[in-house]
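Dear colleague,

Please find below the structure that I am handing over to you. I should be grateful if you would read the notes that come after it.

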Amino acid sequence: MFIYAGKCGDAGLKCPKCGSERVRDVIYGYLPFDLSREKEKGNVAWGGLFMPDDAKSYECADCGERW
Ligand SMILES: [Zn+2]
């Protein structure tokens, strides 16, 4: 089971900290194989097996900020 906290492919998303548009979805839970590959390519970020109450939906690829 895996959970998408974020909505894939949102246009115009920007990092609130540095303004970068290189924003990745943060995914929780067990990653299926295809998503593991996306993670290795840096297209998505993995937030851990368990989704915290304050789970973040996005991660900035430049400064690492999550929100
Ligand atoms: Zn940033």
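The notes below cover confidence, fold and core.

This is a predicted model, in which local features need pLDDT of at least 70, side-chain atom pairs count only at pLDDT 80 or more, and totals for chains, interfaces and linings use all residues. Residues are numbered from 1 along each chain as its sequence is written.

The mean pLDDT (the predictor's confidence in each residue, from 0 to 100) is 87 for the chain, and 84% of its residues reach 70 or more. Among the elements, strand β1 (residues 2-4) has the lowest mean, 54, and strand β4 (residues 58-60) the highest, 96.

The chain has one helix and four strands, taken as DSSP runs (helices H or I, at least four residues; strands E, at least two) numbered from the N terminus. Their pattern along the sequence is β-β-α-β-β.

Of the 67 residues, 18% are buried, that is, 20 or more other C-beta atoms, placed from the backbone, lie within 10 Å of their own. Helix α1 (residues 33-40) is hardly covered, with zero buried residues among its eight. G42, which follows α1, has a positive phi, near 85°.

The largest nonpolar core (buried Ala, Val, Leu, Ile, Met, Phe, Trp, Tyr and Cys residues joined through C-beta atoms within 7 Å) comprises eight residues: C15, V23, V26, I27, V44, A45, Y58 and C60. Strands β2 (23-29), β3 (44-48) and β4 each give two or more residues to this core, and β2 gives the most, with three.

Yours sincerely

Key:
Buried ≥ 20, exposed ≤ 12 C-beta atoms within 10 Å, placed from the backbone.
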